[in-house]
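User: I would like a close look at one part of this model, starting from a single side chain and working outwards.
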Amino acid sequence: MNNIYLDASATTPPHIDVINKLKEIQFECWGNPSSIHKVGIIAREILERSRLSLANKLKASTDEIFFTSGATESNYLALKGVTNNLDKGRIVITSVEHPSLNLIANQLLNDGWDIKYWPVDHHGIIDLDLLDEMLSSPTKLVSIIWGQSEIGSIQPINLIGRECKKRNILFHTDATQILPNGLFEWSNLNVDMLSASAHKLQGPKGIGLLMLRKGIQDLLMNNPSYGFKNGAIRSGTESVPLIAGFSTAIDLLSEYVEVTDNQTLFPENNVSKMTSLLKKNLIKNKQLTFIGSQKERLPNNLSFLCHTESMIPIKGREIVRLLSKQGVYTSSGSACSSSSQGPSPTLVAINVDKSLQESALRITIGPWISNNDINTVTNIIFESLQSLALKKQ
Ligand code: PMP
(Lines give C-alpha, C1' and ligand atoms only; values in the text may rest on other atoms or scores of the structure.)
Protein backbone atom coordinates (compact mmCIF):
# COMPACT_ATOMS: atom_id res chain seq x y z
CA MET A 1 0.00 0.00 0.00
CA ASN A 2 1.24 3.47 -0.86
CA ASN A 3 1.52 6.12 1.81
CA ILE A 4 2.07 9.33 -0.09
CA TYR A 5 1.06 12.43 1.82
CA LEU A 6 0.29 15.38 -0.47
CA ASP A 7 -1.67 17.59 1.92
CA ALA A 8 1.10 19.73 3.44
CA SER A 9 -1.09 22.83 3.56
CA ALA A 10 -3.49 21.04 5.94
CA THR A 11 -0.69 19.83 8.19
CA THR A 12 2.67 18.09 7.97
CA PRO A 13 4.28 15.09 9.67
CA PRO A 14 6.41 16.38 12.57
CA HIS A 15 10.13 16.13 11.80
CA ILE A 16 12.03 13.54 13.84
CA ASP A 17 14.22 16.30 15.33
CA VAL A 18 11.04 18.08 16.45
CA ILE A 19 9.69 14.90 18.07
CA ASN A 20 13.00 14.33 19.87
CA LYS A 21 13.04 17.94 21.09
CA LEU A 22 9.45 17.67 22.35
CA LYS A 23 10.30 14.46 24.23
CA GLU A 24 13.45 15.94 25.75
CA ILE A 25 11.79 19.14 26.96
CA GLN A 26 8.63 17.37 28.11
CA PHE A 27 10.73 15.06 30.29
CA GLU A 28 13.35 17.45 31.54
CA CYS A 29 12.00 21.01 31.52
CA TRP A 30 8.31 20.72 32.32
CA GLY A 31 8.30 23.60 34.81
CA ASN A 32 6.06 26.65 34.66
CA PRO A 33 8.24 29.38 33.14
CA SER A 34 6.59 31.95 35.44
CA SER A 35 7.72 30.13 38.61
CA ILE A 36 10.66 31.77 40.34
CA HIS A 37 12.23 28.55 41.61
CA LYS A 38 14.88 26.56 39.78
CA VAL A 39 12.42 24.31 37.90
CA GLY A 40 10.61 27.38 36.55
CA ILE A 41 13.85 29.22 35.78
CA ILE A 42 15.09 26.29 33.67
CA ALA A 43 11.81 26.28 31.72
CA ARG A 44 12.02 30.08 31.23
CA GLU A 45 15.59 29.73 29.94
CA ILE A 46 14.51 27.16 27.33
CA LEU A 47 11.57 29.35 26.33
CA GLU A 48 13.68 32.47 25.93
CA ARG A 49 16.44 30.58 24.11
CA SER A 50 13.83 29.24 21.66
CA ARG A 51 12.35 32.71 21.20
CA LEU A 52 15.83 34.15 20.52
CA SER A 53 16.66 31.44 18.00
CA LEU A 54 13.35 31.96 16.22
CA ALA A 55 13.78 35.74 16.25
CA ASN A 56 17.30 35.43 14.81
CA LYS A 57 16.09 33.16 12.01
CA LEU A 58 13.29 35.57 11.10
CA LYS A 59 15.49 38.67 11.53
CA ALA A 60 13.23 40.05 14.24
CA SER A 61 13.84 41.13 17.79
CA THR A 62 12.67 38.85 20.59
CA ASP A 63 10.16 41.37 21.90
CA GLU A 64 8.29 41.26 18.59
CA ILE A 65 7.53 37.53 18.91
CA PHE A 66 4.39 36.28 20.68
CA PHE A 67 3.43 32.62 20.91
CA THR A 68 -0.18 31.59 20.36
CA SER A 69 -1.96 28.25 19.85
CA GLY A 70 -1.78 28.64 16.06
CA ALA A 71 -2.57 30.95 13.19
CA THR A 72 -6.29 30.90 13.96
CA GLU A 73 -5.62 32.48 17.32
CA SER A 74 -2.95 34.81 15.90
CA ASN A 75 -5.44 36.10 13.34
CA TYR A 76 -8.01 36.55 16.10
CA LEU A 77 -5.64 38.33 18.48
CA ALA A 78 -4.36 40.64 15.74
CA LEU A 79 -7.73 41.73 14.40
CA LYS A 80 -9.80 41.68 17.58
CA GLY A 81 -6.90 43.07 19.60
CA VAL A 82 -6.28 46.21 17.59
CA THR A 83 -9.92 46.92 16.76
CA ASN A 84 -10.73 46.77 20.45
CA ASN A 85 -8.67 49.93 20.88
CA LEU A 86 -9.49 51.85 17.71
CA ASP A 87 -12.45 54.03 16.82
CA LYS A 88 -14.72 52.17 14.43
CA GLY A 89 -14.10 52.55 10.72
CA ARG A 90 -13.41 50.29 7.76
CA ILE A 91 -11.44 47.03 7.64
CA VAL A 92 -10.29 45.71 4.26
CA ILE A 93 -9.67 42.00 3.71
CA THR A 94 -9.47 40.02 0.47
CA SER A 95 -12.19 37.80 -0.92
CA VAL A 96 -9.81 34.79 -0.61
CA GLU A 97 -8.97 34.82 3.11
CA HIS A 98 -8.69 31.71 5.26
CA PRO A 99 -12.01 30.80 6.96
CA SER A 100 -10.53 31.70 10.37
CA LEU A 101 -10.09 35.28 9.25
CA ASN A 102 -13.49 35.51 7.59
CA LEU A 103 -15.05 34.44 10.87
CA ILE A 104 -13.38 37.30 12.77
CA ALA A 105 -14.36 39.75 10.03
CA ASN A 106 -18.00 38.66 10.46
CA GLN A 107 -17.76 39.22 14.21
CA LEU A 108 -16.29 42.67 13.65
CA LEU A 109 -19.09 43.44 11.22
CA ASN A 110 -21.56 42.61 13.99
CA ASP A 111 -19.56 44.86 16.32
CA GLY A 112 -20.21 47.80 13.95
CA TRP A 113 -17.11 47.77 11.71
CA ASP A 114 -17.50 48.24 7.97
CA ILE A 115 -15.89 45.24 6.23
CA LYS A 116 -14.81 45.67 2.63
CA TYR A 117 -13.64 42.74 0.51
CA TRP A 118 -10.81 43.45 -1.91
CA PRO A 119 -11.75 41.53 -5.09
CA VAL A 120 -9.25 39.26 -6.85
CA ASP A 121 -8.80 38.46 -10.55
CA HIS A 122 -9.30 34.96 -11.90
CA HIS A 123 -5.75 34.07 -10.81
CA GLY A 124 -6.63 34.95 -7.23
CA ILE A 125 -4.51 38.13 -7.10
CA ILE A 126 -5.96 41.36 -5.72
CA ASP A 127 -6.80 44.06 -8.23
CA LEU A 128 -4.19 46.80 -7.71
CA ASP A 129 -6.27 49.30 -9.68
CA LEU A 130 -8.46 49.41 -6.57
CA LEU A 131 -5.60 50.34 -4.25
CA ASP A 132 -6.56 53.99 -3.74
CA GLU A 133 -10.21 53.11 -3.23
CA MET A 134 -9.44 50.35 -0.72
CA LEU A 135 -6.98 52.44 1.27
CA SER A 136 -9.06 55.59 1.33
CA SER A 137 -10.59 56.95 4.54
CA PRO A 138 -12.12 55.48 6.74
CA THR A 139 -9.93 52.34 6.25
CA LYS A 140 -8.12 51.71 9.56
CA LEU A 141 -6.90 48.14 9.13
CA VAL A 142 -6.01 45.91 6.18
CA SER A 143 -5.51 42.16 6.45
CA ILE A 144 -4.30 40.18 3.45
CA ILE A 145 -3.46 36.51 3.18
CA TRP A 146 0.10 36.32 1.82
CA GLY A 147 -0.01 32.81 0.33
CA GLN A 148 -3.52 31.51 -0.37
CA SER A 149 -4.10 28.09 1.20
CA GLU A 150 -6.39 26.62 -1.48
CA ILE A 151 -5.21 27.95 -4.82
CA GLY A 152 -1.68 29.02 -3.84
CA SER A 153 -1.75 32.58 -5.19
CA ILE A 154 0.63 35.11 -3.62
CA GLN A 155 -0.34 38.69 -2.89
CA PRO A 156 2.04 41.67 -3.21
CA ILE A 157 2.10 42.21 0.53
CA ASN A 158 5.16 44.43 0.68
CA LEU A 159 3.63 46.89 -1.76
CA ILE A 160 0.30 46.97 0.10
CA GLY A 161 2.13 47.29 3.41
CA ARG A 162 4.13 50.26 2.17
CA GLU A 163 0.99 51.99 0.90
CA CYS A 164 -0.75 51.31 4.24
CA LYS A 165 2.20 52.77 6.14
CA LYS A 166 2.06 55.98 4.07
CA ARG A 167 -1.59 56.35 5.06
CA ASN A 168 -1.23 55.33 8.73
CA ILE A 169 -3.30 52.19 8.20
CA LEU A 170 -2.45 49.07 10.21
CA PHE A 171 -1.47 46.05 8.13
CA HIS A 172 -1.76 42.37 9.05
CA THR A 173 -0.81 39.40 6.92
CA ASP A 174 -1.53 35.71 7.35
CA ALA A 175 1.79 34.09 6.41
CA THR A 176 0.82 30.55 7.46
CA GLN A 177 1.43 29.03 4.03
CA ILE A 178 4.52 31.13 3.25
CA LEU A 179 6.76 30.01 6.09
CA PRO A 180 6.93 26.32 5.06
CA ASN A 181 8.30 27.52 1.72
CA GLY A 182 11.06 29.73 3.11
CA LEU A 183 12.08 32.10 5.88
CA PHE A 184 11.26 35.76 5.53
CA GLU A 185 13.13 38.71 7.01
CA TRP A 186 10.73 40.52 9.33
CA SER A 187 13.02 43.55 9.42
CA ASN A 188 12.51 44.02 5.65
CA LEU A 189 8.74 43.55 5.60
CA ASN A 190 6.26 46.41 5.50
CA VAL A 191 3.98 44.52 7.87
CA ASP A 192 2.72 45.44 11.35
CA MET A 193 1.29 42.07 12.35
CA LEU A 194 1.92 38.57 11.00
CA SER A 195 0.40 35.15 11.76
CA ALA A 196 1.86 31.65 11.30
CA SER A 197 1.50 28.07 12.60
CA ALA A 198 4.25 25.56 13.44
CA HIS A 199 2.49 22.43 12.21
CA LYS A 200 2.61 23.58 8.59
CA LEU A 201 6.41 23.26 8.64
CA GLN A 202 6.86 19.89 10.37
CA GLY A 203 6.61 21.49 13.80
CA PRO A 204 4.15 20.55 16.55
CA LYS A 205 0.41 21.32 16.48
CA GLY A 206 -1.07 23.80 18.91
CA ILE A 207 1.66 26.43 18.66
CA GLY A 208 1.74 29.51 16.47
CA LEU A 209 3.26 32.88 16.07
CA LEU A 210 2.02 36.43 16.16
CA MET A 211 4.68 38.94 15.18
CA LEU A 212 3.97 42.51 16.22
CA ARG A 213 5.92 45.70 15.60
CA LYS A 214 6.82 47.38 18.87
CA GLY A 215 4.95 50.58 18.02
CA ILE A 216 1.58 48.86 17.92
CA GLN A 217 1.84 46.42 20.81
CA ASP A 218 0.12 48.82 23.22
CA LEU A 219 -3.00 48.54 21.08
CA LEU A 220 -3.25 44.81 21.74
CA MET A 221 -2.51 44.87 25.46
CA ASN A 222 -5.07 44.17 28.12
CA ASN A 223 -7.58 42.71 25.66
CA PRO A 224 -10.40 41.73 28.03
CA SER A 225 -10.70 38.29 26.45
CA TYR A 226 -6.99 37.46 26.78
CA GLY A 227 -4.81 39.60 28.99
CA PHE A 228 -5.48 39.15 32.66
CA LYS A 229 -1.99 40.32 33.48
CA ASN A 230 -1.14 43.98 33.16
CA GLY A 231 0.69 44.46 29.91
CA ALA A 232 -0.12 40.99 28.56
CA ILE A 233 -0.95 40.41 24.93
CA ARG A 234 -1.79 36.78 25.63
CA SER A 235 -1.96 35.21 29.04
CA GLY A 236 -1.80 31.62 30.25
CA THR A 237 1.09 29.25 30.95
CA GLU A 238 3.37 28.99 27.94
CA SER A 239 3.93 25.50 26.51
CA VAL A 240 7.71 25.32 26.61
CA PRO A 241 7.96 21.95 24.78
CA LEU A 242 5.79 23.21 21.90
CA ILE A 243 7.73 26.47 21.69
CA ALA A 244 11.05 24.59 21.64
CA GLY A 245 9.62 22.24 18.99
CA PHE A 246 8.53 25.24 16.88
CA SER A 247 12.00 26.72 17.14
CA THR A 248 13.54 23.39 16.04
CA ALA A 249 11.20 23.28 13.01
CA ILE A 250 12.28 26.81 12.08
CA ASP A 251 15.94 25.79 12.48
CA LEU A 252 15.37 23.12 9.86
CA LEU A 253 14.40 25.80 7.35
CA SER A 254 17.53 27.39 6.03
CA GLU A 255 16.53 29.16 2.83
CA TYR A 256 15.09 32.66 2.59
CA VAL A 257 12.38 34.00 0.34
CA GLU A 258 13.20 37.30 -1.30
CA VAL A 259 10.41 39.80 -0.88
CA THR A 260 10.39 42.69 -3.33
CA ASP A 261 7.71 45.32 -3.62
CA ASN A 262 5.40 43.25 -5.73
CA GLN A 263 6.88 39.75 -5.73
CA THR A 264 7.74 36.96 -3.34
CA LEU A 265 10.63 34.99 -4.84
CA PHE A 266 11.06 31.52 -3.40
CA PRO A 267 14.32 29.55 -3.28
CA GLU A 268 14.51 26.57 -5.61
CA ASN A 269 14.68 23.40 -3.54
CA ASN A 270 13.61 19.78 -3.62
CA VAL A 271 10.00 20.67 -2.81
CA SER A 272 9.67 23.17 -5.65
CA LYS A 273 11.41 20.71 -8.01
CA MET A 274 9.02 17.88 -7.08
CA THR A 275 6.03 20.20 -7.48
CA SER A 276 7.20 21.32 -10.93
CA LEU A 277 7.80 17.72 -11.96
CA LEU A 278 4.31 16.69 -10.93
CA LYS A 279 2.84 19.71 -12.70
CA LYS A 280 4.73 18.78 -15.88
CA ASN A 281 3.22 15.29 -15.69
CA LEU A 282 -0.32 16.35 -14.83
CA ILE A 283 -0.63 19.21 -17.28
CA LYS A 284 -0.83 16.66 -20.10
CA ASN A 285 -4.13 15.35 -18.72
CA LYS A 286 -7.19 16.87 -20.40
CA GLN A 287 -9.30 16.08 -17.34
CA LEU A 288 -7.50 18.71 -15.27
CA THR A 289 -7.66 22.52 -15.46
CA PHE A 290 -5.05 24.29 -13.35
CA ILE A 291 -6.26 27.20 -11.25
CA GLY A 292 -4.61 30.05 -9.33
CA SER A 293 -1.79 32.19 -10.66
CA GLN A 294 0.80 30.06 -12.41
CA LYS A 295 3.44 32.77 -11.81
CA GLU A 296 2.78 34.25 -8.36
CA ARG A 297 2.15 31.06 -6.44
CA LEU A 298 3.28 28.96 -3.51
CA PRO A 299 6.01 26.66 -4.85
CA ASN A 300 4.59 23.59 -3.07
CA ASN A 301 0.99 23.99 -4.27
CA LEU A 302 -0.84 22.58 -7.29
CA SER A 303 -4.55 23.17 -7.59
CA PHE A 304 -6.84 22.20 -10.38
CA LEU A 305 -10.41 21.44 -11.35
CA CYS A 306 -11.31 17.85 -12.20
CA HIS A 307 -13.72 16.92 -14.99
CA THR A 308 -14.20 14.56 -17.90
CA GLU A 309 -12.66 15.47 -21.24
CA SER A 310 -16.05 16.86 -22.23
CA MET A 311 -16.06 19.02 -19.07
CA ILE A 312 -18.57 17.05 -16.98
CA PRO A 313 -17.53 17.95 -13.40
CA ILE A 314 -15.99 15.37 -11.08
CA LYS A 315 -16.37 16.29 -7.41
CA GLY A 316 -13.11 17.00 -5.58
CA ARG A 317 -14.33 15.03 -2.56
CA GLU A 318 -14.97 11.99 -4.76
CA ILE A 319 -11.44 11.96 -6.12
CA VAL A 320 -9.88 12.66 -2.69
CA ARG A 321 -11.67 9.55 -1.33
CA LEU A 322 -10.67 7.39 -4.29
CA LEU A 323 -7.02 8.48 -4.04
CA SER A 324 -7.09 7.88 -0.29
CA LYS A 325 -8.10 4.25 -0.87
CA GLN A 326 -4.89 3.92 -2.85
CA GLY A 327 -2.74 5.52 -0.15
CA VAL A 328 -2.45 8.96 -1.79
CA TYR A 329 -3.61 11.81 0.46
CA THR A 330 -4.78 15.06 -1.11
CA SER A 331 -7.45 17.66 -0.42
CA SER A 332 -10.48 19.15 -2.11
CA GLY A 333 -9.65 22.61 -0.74
CA SER A 334 -8.56 24.13 2.53
CA ALA A 335 -8.82 21.53 5.32
CA CYS A 336 -10.82 24.05 7.32
CA SER A 337 -13.47 24.37 4.62
CA SER A 338 -13.30 20.96 2.92
CA SER A 339 -15.44 19.34 5.61
CA SER A 340 -18.21 21.85 4.96
CA GLN A 341 -20.62 21.33 2.08
CA GLY A 342 -21.07 23.78 -0.77
CA PRO A 343 -18.69 25.69 -3.01
CA SER A 344 -15.53 27.23 -1.65
CA PRO A 345 -15.75 31.05 -1.36
CA THR A 346 -12.25 31.19 -2.88
CA LEU A 347 -13.37 29.40 -6.04
CA VAL A 348 -16.39 31.68 -6.25
CA ALA A 349 -14.09 34.72 -5.83
CA ILE A 350 -11.86 33.65 -8.76
CA ASN A 351 -14.95 33.16 -10.90
CA VAL A 352 -14.76 29.40 -11.41
CA ASP A 353 -17.74 28.24 -13.44
CA LYS A 354 -20.60 27.30 -11.12
CA SER A 355 -20.72 23.71 -12.37
CA LEU A 356 -17.05 23.20 -11.39
CA GLN A 357 -17.03 24.94 -8.02
CA GLU A 358 -16.99 21.63 -6.13
CA SER A 359 -14.42 20.03 -8.43
CA ALA A 360 -11.17 21.36 -6.99
CA LEU A 361 -8.30 19.13 -6.01
CA ARG A 362 -5.33 20.54 -4.08
CA ILE A 363 -1.92 18.90 -3.89
CA THR A 364 0.61 20.38 -1.50
CA ILE A 365 4.06 18.88 -1.28
CA GLY A 366 6.62 18.67 1.51
CA PRO A 367 10.26 17.63 1.78
CA TRP A 368 9.31 13.99 2.39
CA ILE A 369 8.21 13.49 -1.26
CA SER A 370 10.60 11.70 -3.66
CA ASN A 371 10.91 11.35 -7.44
CA ASN A 372 9.44 7.86 -7.19
CA ASP A 373 6.42 9.19 -5.30
CA ILE A 374 5.78 11.68 -8.11
CA ASN A 375 5.72 8.93 -10.74
CA THR A 376 3.42 6.74 -8.62
CA VAL A 377 1.07 9.64 -7.91
CA THR A 378 0.92 10.64 -11.58
CA ASN A 379 -0.21 7.13 -12.58
CA ILE A 380 -2.73 6.84 -9.74
CA ILE A 381 -4.27 10.25 -10.49
CA PHE A 382 -4.54 9.46 -14.21
CA GLU A 383 -6.18 6.08 -13.56
CA SER A 384 -8.53 7.46 -10.90
CA LEU A 385 -9.68 10.31 -13.13
CA GLN A 386 -10.30 7.89 -15.94
CA SER A 387 -12.35 5.53 -13.80
CA LEU A 388 -14.45 8.40 -12.40
CA ALA A 389 -14.97 9.79 -15.92
CA LEU A 390 -16.24 6.39 -17.11
CA LYS A 391 -18.91 6.47 -14.40
CA LYS A 392 -20.11 9.88 -15.62
CA GLN A 393 -20.69 8.71 -19.19
N1 PMP B 1 -4.38 30.63 7.91
C2 PMP B 1 -4.06 29.87 6.86
C3 PMP B 1 -3.68 30.53 5.58
C4 PMP B 1 -4.08 28.48 6.99
O5 PMP B 1 -3.77 27.73 5.94
C6 PMP B 1 -4.43 27.91 8.22
C7 PMP B 1 -4.48 26.41 8.40
N8 PMP B 1 -5.23 25.73 7.43
C9 PMP B 1 -4.74 28.76 9.29
C10 PMP B 1 -4.72 30.12 9.11
C11 PMP B 1 -5.12 28.22 10.63
O12 PMP B 1 -4.03 27.57 11.22
P13 PMP B 1 -4.24 26.72 12.56
O14 PMP B 1 -5.25 25.67 12.20
O15 PMP B 1 -2.91 26.13 12.83
O16 PMP B 1 -4.71 27.63 13.60
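What is the relative accessible area of Glu 238? Please go on from there to the other salt bridges and the part of the fold around strand 14.

Analyst: This is a predicted model, where local features need pLDDT of at least 70 and side-chain atom pairs count only at pLDDT 80 or more, while totals for chains, interfaces and linings use all residues. Residues are numbered from 1 along each chain as its sequence is written, and side-chain values use heavy atoms, with hydrogens and water left out.

Glu 238 has a relative accessible area of 23%, so it counts as partly exposed. The classes are buried under 20%, exposed over 50% and partly exposed in between, with a 1.4 Å probe and protein chains only. Glu 238 forms a salt bridge with Arg 44; the closest N and O atoms are 3.7 Å apart. Arg 44 sits in helix 2 (residues 38-57), and Glu 238 in the loop between helix 7 (217-220) and helix 8 (240-251), so the pair links distant parts of the chain, 194 residues apart. Helices (H or I, at least four residues) and strands (E, at least two) are DSSP runs numbered from the N terminus. Arg 44 is partly exposed too, at 25%.

A salt bridge here needs a side-chain nitrogen of Lys or Arg within 4 Å of a carboxyl oxygen of Asp or Glu. The structure holds 18 of them. One joins Arg 90 to Asp 114, at 3.7 Å from N to O. It ties strand 3 (residues 90-94), home of Arg 90, to strand 4 (residues 114-118), home of Asp 114; the two parts are 24 residues apart in sequence. Arg 90 is buried at 9%. Asp 114 is partly exposed at 38%. Elsewhere, Asp 132, Arg 162, Glu 163, Lys 166, Arg 167 and Asp 261 are linked in a network of salt bridges.

Next, the approach to strand 14. Glu 358 pairs with Lys 315, the closest N and O atoms being 4.0 Å apart. Glu 358 lies in the loop between helix 12 (345-349) and strand 14, and Lys 315 in the loop between strand 12 and helix 10, so this salt bridge ties together parts 43 residues apart in sequence. Both residues are partly exposed: Glu 358 at 32%, Lys 315 at 41%.

Now the sheet. It is open, with three strands in the order 11-12-14 and antiparallel pairing. Strands pair if DSSP finds at least two bridges between them. Strand 11 (288-290) and strand 14 (360-364) are the edges, each pairing on one side only. Neighbouring strands are turned by 35° against each other on average, direction ignored. Strand 12 (residues 301-306) runs antiparallel to strand 14 and is joined to it by five bridges. Ser 303 has Arg 362 of strand 14 as its bridge partner. Helix 10 (residues 316-325) packs on the sheet, touching strand 12 and strand 14, and its direction makes about 45° with that of strand 14. Contact means heavy atoms within 4.5 Å. Axes are lines fitted to C-alpha atoms, for helices over the stretch in contact, and angles run from 0 to 180 degrees between N-to-C directions.

Last, the empty space. There is one cavity of 30 Å³ or more. On a 1 Å grid over the protein atoms alone, a cavity is a set of points where a 1.4 Å probe fits but cannot get out, and lining residues have an atom within 4 Å of a point. Points are joined across faces, edges and corners, and the volume is the space filled by probe spheres set on them. The largest cavity holds about 50 Å³. Ser 303 and Arg 362 are among its lining residues, as are Ala 360 and Leu 361. Strand 14 gives the largest share of the lining, three residues.

Definitions and conventions. On a 1 Å grid over the protein atoms alone, a cavity is a set of points where a 1.4 Å probe fits but cannot get out, and a pocket is an open set with protein on both sides within 12 Å along at least five of seven lines; lining residues have an atom within 4 Å of a point.
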